[in-house]
Amino acid sequence: MLTFESDYTQGCHPKILEKLAETNFEQYSGYGEDPITYSAREKIKAACNCPDADVWFLTGGTQTNQIVIDGLLKPWEGVVAATTGHVACHEAGAIEYTGNKVLTVPGYEGKMKAADLDTMITDFYNDSAHEHMVFPGAAYISHPTEYGTLYTKQELTDISNVCKKHHIPLFLDGARLGYGLMAQGTDVTLADIASLTDVFYIGGTKVGALCGEAVVYTHHNMPEHFVNLVKKHGALLAKGRLNSIQFDVLFTDNLYLDISKNAIDLAMYMKEQFKAKGYRLFKDSPTNQQFVILENTFMEELKTKVGFNFWEKYDDTHTVVRFATCWATTREQIDYLLGLL
């Protein structure tokens with residue numbers, strides 16, 4: 001059955017499979033100490049316009065969030081996220097599992113406001129009993145957010161300035177970063193993100209790779225003995241080239257952004273057709289995630305014919321559902337969905 005449940009329901013771009021097959025019988029040192037990993041790192045540093053970056057390749061989003069946040073925080077600290085942030089509600093307590101709390105500020109269509117972050121940290125230190133509390137030790141945002149919304153460059157700058165003011169690092173979750181970078185009307189570039197954050201990651205699992213996320217520490221600030229930390233989390237691949245090969249391909253000839261644009265173009269086509277057919281949108285998302293309000297009886301009928309993702313209850317008779325395009329979505333697949341509508 002055709003599904004729009006998420007953007008990781010298919011395998012990987014054919015060029016990645018070709019490269020994996022081409023290098024399959026070549027022998028390389030393990031743990032990322034190989035020429036393909038070195039090549040992928042240099043390509044990413046160039047794409048970010050960030051020569052001082054340190055790049056490491058991990059396998060999945062939750063693993064990446066957990067390791068990065070664990071490396072940023074001291075034992076008495078927590079990470080600050082919007083109430084709707086992925087680490088706050090969709091990571092099975094992975095951050096808390098390693099001993100650090102997720103602290104929350106209000107979310108606005110998935111986004112954090114710099115003023116709220118500033119107030120939260122200021123109020124914390126103004127409390128005379130703050131030694132008895134979890135310290136705000138880092139800030140976490142995602143771009144795109146869980147609601148398919150995007151930060152503007154000014155919003156990122158404001159959050160970055162608050163983090164600098166309070167001497168805490170800013171971490172950006174880029175699991176769907178390609179779709180954010182290619183969204184219509186965005187003024188945020190990969191170089192902007194590298195300039196305004198302390199660490200971020202470029203998502204591969206949802207953007208053309210079989211699996212893999214490229215973590216970028218932006219100014220030689222990778223935690224000391226990072227390999228040791230990764231291994232303690234059970235995340236150090238002996239065949240480290242498996243993730244880096246995929247990014248070496250994705251960052252050759254602009255492939256990462258080109259395939260991301262396909263998802264955006266088709267998501268915008270889908271959105272306009274939803275509106276033309278009289279369906280209500282829950283959010284006006286500029287990214288590959290489109291949120292639609294469906295009448296419950298019709299929703300139950302539709303899900304027997306095509307896959308989509310439950311998002312949240314809208315009222316007693318309607319539900320918000322998500323349709324996601326991806327790098328491999330075709331016009332024919334969208335038209336099939338529209339035919340059902």
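Which backbone oxygen does the side chain of glutamine 290 reach at 3.0 Å? In the predicted model described here, that oxygen belongs to serine 285. The surroundings of glutamine 290 are taken up again below, after an account of the chain and of its strands.

The chain contains 14 helices and eleven strands. Its radius of gyration is 20 Å, close to the 20 Å that the globule rule gives for 341 residues, so the chain is as compact as a globular protein of that length. Along the principal axes, the C-alpha atoms fill a box of roughly 60 × 55 × 35 Å. Buried residues make up 54% of the 341 in the chain. The accessible surface is about 15000 Å², and carbon and sulfur atoms account for 52% of that area. When contacts between residues at least 6 apart in sequence are considered, 72% of them join residues at least 24 apart.

Strand β4 spans residues 135-142 and is mostly covered, with eight of its eight residues buried. This strand pairs with β2 (residues 77-82) in the parallel sense, over four bridges. Within that pairing, phenylalanine 135 of β4 is the bridge partner of glutamate 77. Strand β4 also runs parallel to β5 (residues 170-173), to which it is joined by four bridges. Here serine 142 has aspartate 173 of β5 as its bridge partner. Together with helix α7 (residues 153-166), strands β4 and β5 make a right-handed β-α-β unit. Proline 144 lies in the loop between β4 and α7, and the peptide bond leading to this proline from histidine 143 is cis, with omega near 0°.

Strands of a sheet pair through backbone hydrogen bonds, in either the parallel or the antiparallel sense. Whereas the pairings of β4 with β2 and with β5 are parallel, an open sheet of four strands in the order β8-β9-β11-β10 has antiparallel pairing. Its edge strands are β8 (280-281) and β10 (309-315), each of which pairs on one side only. Strand β8 is joined to β9 (residues 289-295) by two bridges in the antiparallel sense. In this pairing, leucine 281 stands opposite valine 292 of β9.

Glutamine 290 is located in strand β9. Its relative accessibility is 0%, and it therefore counts as buried. Besides the backbone oxygen of serine 285 at 3.0 Å, a polar atom of the glutamine 290 side chain lies 2.9 Å from the backbone oxygen of threonine 287. Neighbours within four places in sequence aside, glutamine 290 is in contact with Ala267, Met268, Met270, Lys271, Ser285, Val321, Arg322 and Phe323. Serine 285 thus appears both in this list of contacts and as the residue whose backbone oxygen the side chain reaches.

A second buried polar residue is asparagine 243, which lies in helix α11 (residues 241-250). With a relative accessible area of 2%, asparagine 243 falls under the 20% limit and so counts as buried. Its side chain reaches the backbone oxygen of leucine 58 at 3.1 Å. When residues up to four places away in sequence are not counted, asparagine 243 touches Phe57, Leu58, Thr59, Cys211, Gly212 and Leu237. Leucine 58 is accordingly among the residues touched by asparagine 243.

Backbone geometry was also examined in two loops. Glutamate 109 has a positive phi of about 50° although it is not a glycine. This residue is placed in the loop between β3 (102-105) and α6 (114-126). Its relative accessibility of 45% lies between the limits of 20% and 50%, so glutamate 109 counts as partly exposed. Histidine 220, likewise not a glycine, has a positive phi of about 50°. The location of histidine 220 is the loop between β7 (213-217) and α10 (226-232).

Notes. Residues are numbered from 1 along each chain as its sequence is written. This is a predicted model: local features need pLDDT of at least 70, side-chain atom pairs count only at pLDDT 80 or more; totals for chains, interfaces and linings use all residues. Side-chain values use heavy atoms; hydrogens and water are left out. Buried means under 20% relative accessible area, exposed over 50%, partly exposed in between (1.4 Å probe, protein chains only). Two strands pair if DSSP finds at least two bridges between them. A crossover is right-handed if, with the strands pointing away from the viewer, the path from the first strand over the helix to the second runs clockwise. The radius of gyration is taken over C-alpha atoms; the globule rule is 2.2 Å times the number of residues to the power 0.38. Contact means heavy atoms within 4.5 Å. Accessible areas come from the Shrake-Rupley method with a 1.4 Å probe; for residues, only the protein chains shown count as cover. A polar contact is a pair of N or O atoms within 3.5 Å; within protein, one must be able to donate a hydrogen and the other to accept it, and residues adjacent in sequence count only if both atoms are side-chain atoms.
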